[in-house]
Amino acid sequence: MTEYVYLIDATNGALLQRISLGVTGRGIAGAPVPGDSDNDGVFDRLYVADTSGRLFRILTVDGTVTQLNAGGPLQTVFAPIAVTSDEANSATFSIFLAGGDDPDSDDV
């Protein structure tokens, strides 16, 4: 199944964007985390991980999706990611991603 992120206007529930991550998988691990790279008070990017361990950056201006850990070793992820920005340079983000076991399957 193709994975998507939906941007919805919280004031009226209108769909703003439906963004394909360009991959198939079992879903997103936690809520997308917004970031403001130019410190203007408007979130201009989202970071999201899927349960296959892929990490994506989405530019909300145009919906551009970049997989940040392409080609790297992947481990399943079933917990939300955490993102922090550098106070001196708001365009620099640290992303914390933890792998783990599938909570919906038996380990026998």
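Modeller: Two strands are taken to pair where DSSP finds at least two bridges between them. The model discussed here is predicted.

Biologist: Which residue in β6 is the bridge partner of Leu59?

Modeller: Strand β5 covers residues 55-59, and it pairs with β6 in the antiparallel sense over 4 bridges. Within β6, the residue that bridges to Leu59 is Thr64.

Biologist: Which residue takes a positive phi in the hairpin of β5 and β6?

Modeller: The hairpin of β5 and β6 has 4 residues between its strands. A positive phi near 80° is found there at Gly63.

Biologist: What is the strand order of the open sheet of 4 strands?

Modeller: The pairing in this open sheet is antiparallel. Its edge strands, each pairing on one side only, are β3 (33-35) and β6 (64-67). Neighbouring strands are turned by 25° against each other on average, direction ignored. The order is β3-β4-β5-β6.

Biologist: Which residue in β4 does Pro34 stand opposite?

Modeller: β3 and β4, the latter made of residues 45-49, pair in the antiparallel sense over 3 bridges. In β4, the residue opposite Pro34 is Leu46.

Biologist: Is Asn39, in the loop between β3 and β4, buried or exposed?

Modeller: Asn39 has a positive phi near 55° although the residue is not glycine. Most residues other than glycine have a negative phi. The relative accessible area of Asn39 is 64%; since the cut-off for this class is over 50%, Asn39 is exposed.

Biologist: Which element gives the most to the largest nonpolar core?

Modeller: In soluble globular proteins, nonpolar side chains tend to be buried together. The largest nonpolar core here has 9 residues in all, including Val5, Leu7, Val48, Phe56 and Ile58. Two or more residues come from each of β1, β2 (15-24), β4 and β5. With 3 residues, the element that gives the most is β2.

Biologist: What is the area of the nonpolar surface patch made by Tyr6, Ile8 and Leu15?

Modeller: Tyr6 lies in strand β1, residues 2-8. Its relative accessible area is 44%, so Tyr6 is partly exposed. Together, Tyr6, Ile8 and Leu15 make a patch of about 320 Å².

Biologist: How far apart are the closest N and O atoms in the salt bridge of Arg45 with Asp44?

Modeller: Side chains of opposite charge can pair when their charged atoms come close. The structure holds 2 salt bridges, and one of them joins Arg45 to Asp44. Both Arg45 and Asp44 are buried. Their closest N and O atoms are apart by 3.5 Å.

Biologist: What is the N to O distance where the side chains of Arg54 and Asp50 meet?

Modeller: Arg54 is buried, and Asp50 is buried as well. Their side chains meet in a salt bridge, with an N to O distance of 2.7 Å.

Biologist: How many strands does the secondary structure of the protein come to?

Modeller: From the N terminus on, the elements run β-β-β-β-β-β-β-β. The count gives 0 helices, and the number of strands is 8.

Biologist: What percentage of the 108 residues in the protein do buried residues make up?

Modeller: The C-alpha trace of the protein spans about 50 × 35 × 25 Å along its principal axes. Buried here requires a relative accessible area under 20%. Of the 108 residues, the buried ones make up 31%.

Methods:
Residues are numbered from 1 along each chain as its sequence is written. This is a predicted model: local features need pLDDT of at least 70, side-chain atom pairs count only at pLDDT 80 or more; totals for chains, interfaces and linings use all residues. Side-chain values use heavy atoms; hydrogens and water are left out. A salt bridge is a side-chain nitrogen of Lys or Arg within 4 Å of a carboxyl oxygen of Asp or Glu. Buried means under 20% relative accessible area, exposed over 50%, partly exposed in between (1.4 Å probe, protein chains only). Axes are lines fitted to C-alpha atoms, for helices over the stretch in contact, and angles run from 0 to 180 degrees between N-to-C directions. Patches are made of residues with over 30% relative accessible area and no salt bridge: like charges are joined within 9 Å, nonpolar side chains (Val, Leu, Ile, Met, Phe, Trp, Tyr) within 5 Å. Accessible areas come from the Shrake-Rupley method with a 1.4 Å probe; for residues, only the protein chains shown count as cover. A nonpolar core is a set of buried Ala, Val, Leu, Ile, Met, Phe, Trp, Tyr and Cys residues joined through side-chain atoms within 4.5 Å.
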